[in-house]
Amino acid sequence: IKEIVGECLGMIQANEVGVRDGHGQDPNLQVMEIKKAQYVNVDTTTVEGLKRAASMGLSESHMAQMITSSYLKESGALFDLYHQGRAFVILRSPGKLLGKNLL
């Protein structure tokens with residue numbers, strides 16, 4: 001999904017990719033271009049990264065068009081009444097997961 005969103009749709013993403021090459025310590029939000037896609041220099045796939053993204057004003061900056069995180073509750077700290085997001089969830093079929101674990 002990340003490749004489709006970044007390369008095909010051309011959307012700027014916030015996930016773990018933007019902090020590669022030491023950009024997780026950058027003092028300001030920036031958009032990085034990595035392999036034909038654009039990423040904000042925050043890691044929204046960890047609780048610590050979400051806290052950093054919130055303190056840097058990720059949603060207020062309007063830099064990211066898609067934010068990826070497994071931490072739904074914690075990612076709520078990124079948004080407020082004036083900077084809202086929309087959530088969607090992708091789940092695997094429990095039956096397929098069970099079958100995969102039994103093999």
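In this predicted model, the exposed residues Glu48, Lys51 and Ser55 sit on the face of helix H2 that is turned away from its buried side. The helix itself spans residues 47-55, and its buried residues are Gly49, Leu50 and Ala53. These three lie on the same side of H2, because the arc they cover around the axis is only 100 degrees. It is helpful to look next at what they meet: the buried residues of H2 pack against H3 and H4. After H2 comes Gly57, which has a positive phi, near 80 degrees.

Helices H3 and H4 appear again at the largest pocket, whose volume is about 1,000 Å³. Its lining consists of 28 residues, and those closest to the centre of the pocket are Ile67, Thr68, Ser69, Arg86 and Phe88. Three elements each provide at least two lining residues, namely helix H3 (58-61), strand S4 (66-67) and helix H4 (72-75). Sorted by class, the lining of this largest pocket holds 14 nonpolar, twelve polar and two charged residues.

A visitor to the structure may then turn to the second largest pocket, which has a volume of about 160 Å³. Helix H1 (2-8) and strand S3 (37-40) are the elements that give two or more residues to its lining. Of these, H1 makes the largest contribution, with three residues. The residues that line the second largest pocket are Lys2, Glu3, Glu7, Val17, Arg20, Ile34, Lys35, Ala37 and Tyr39. By class, five residues of this lining are charged and four are nonpolar, while none is polar.

Two of the residues that line the second largest pocket, Lys2 and Tyr39, are also among the residues touched by Gln13. Gln13 belongs to strand S1, which covers residues 12-14. With a relative accessibility of 0%, Gln13 falls under the 20% limit and therefore counts as buried. Leaving aside residues up to four places away in sequence, Gln13 touches Lys2, Val5, Gly6, Gln38, Tyr39, Val40, Ala64 and Met66. The contact with Lys2 can be followed in more detail, as the side chain of Gln13 reaches the backbone oxygen of Lys2 at 3.0 Å. A polar contact also joins the side chain of Gln13 to the side chain of Asn15, at 3.3 Å.

How values were computed:
Residues numbered from 1 in each chain as written. Predicted model: local features only at pLDDT ≥ 70, side-chain atom pairs only at ≥ 80, totals over all residues. Heavy atoms only, no water. Helix = DSSP H or I, 4+ residues; strand = E, 2+ residues; numbered from the N terminus. Buried < 20%, exposed > 50% of the residue type's maximum accessible area, 1.4 Å probe, protein only. Polar contact = N/O pair within 3.5 Å; in protein donor to acceptor, adjacent residues only side chain to side chain. Contact = heavy atoms within 4.5 Å. 1 Å grid on protein atoms, 1.4 Å probe; cavity = no way out; pocket = protein on both sides within 12 Å on 5 of 7 lines; lining within 4 Å. Points joined across faces, edges and corners; volume = space filled by probe spheres on them. Nonpolar A, V, L, I, M, F, W, Y, C, P; charged D, E, K, R; others polar. Arc of directions from axis to C-beta.
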